[in-house]
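Here is a short briefing to read alongside the model. Take a look at the fold, then follow the notes below.

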Amino acid sequence: MEWVVAGILIIVALAVLWFAARQLAKRSRYARLLQKYGDVKLVDSLIAGTIWQGMTAEQLRDSWGDPVSIEEKVMKTKVKQVFKYRQVAKDRFRDKVTLEDGVITGWDQK
């Protein structure tokens with residue numbers, strides 16, 4: 001019976017450590033982004049995973065992370081990119097974000 005109690009205590013301790021590590025990582029990310037941008041409202045939006053038209057590619061990466069794939073077209077007057085996230089099949093993605101000259105102009109989420 002003692003080994004059951006010991007096992008439960010170990011599981012609880014591991015869960016507490018895991019939770020504390022996640023909280024520390026969140027605070028560290030928040031502090032890094034706040035130092036980078038200096039705008040609490042912007043950082044709160046990035047942490048929440050929000051995207052918007054006019055957002056930069058760097059802000060998108062800070063919000064959603066690196067894309068699985070990037071499709072790029074270089075034209076005479078602009079560079080158009082499509083950042084692709086959440087791959088569901090070989091050439092299929094749930095989220096596609098369109099950027100022109102490094103700024104979000106639209107997106108498609110399925």
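**Strands and hairpins**

Strand E3 pairs with strand E4 (residues 103–109) in the antiparallel sense over 6 bridges; strands are DSSP runs of at least two E residues, helices are runs of at least four H or I residues, both numbered from the N terminus, and pairing needs at least two DSSP bridges. This is a predicted model, in which local features need pLDDT of at least 70 and side-chain atom pairs pLDDT 80 or more, while totals for chains, interfaces and linings use all residues. Residues are numbered from 1 along each chain as its sequence is written, and side-chain values use heavy atoms, without hydrogens and water.

- Lys96 stands opposite Asp108 in E4.
- In the hairpin of E3 and E4, with 2 residues between the strands, Asp101 has a positive phi near 50°.
- E2 and E3 are also antiparallel, over 8 bridges, and a hairpin of 2 residues joins them.
- Tyr85 faces Asp95 in E3.

**Nonpolar core**

- The largest nonpolar core (buried Ala, Val, Leu, Ile, Met, Phe, Trp, Tyr and Cys joined through side-chain atoms within 4.5 Å) has 13 residues.
- Helix H2 (40–47), helix H3 (57–64), strand E2 (79–89) and strand E3 (92–100) each supply at least two of its residues, and H2 gives the largest share, 3 residues.
- Leu60 touches residues including Ile51, Phe83, Tyr85 and Ile104 (heavy atoms within 4.5 Å), leaving aside residues up to four places away in sequence.

**Around H3**

- Buried residues of H3 (under 20% relative accessible area, 1.4 Å probe, protein chains only) include Leu60 and Asp62.
- Gly65, just after H3, takes a positive phi of about 90°.

Key: Buried means under 20% relative accessible area, exposed over 50%, partly exposed in between (1.4 Å probe, protein chains only).
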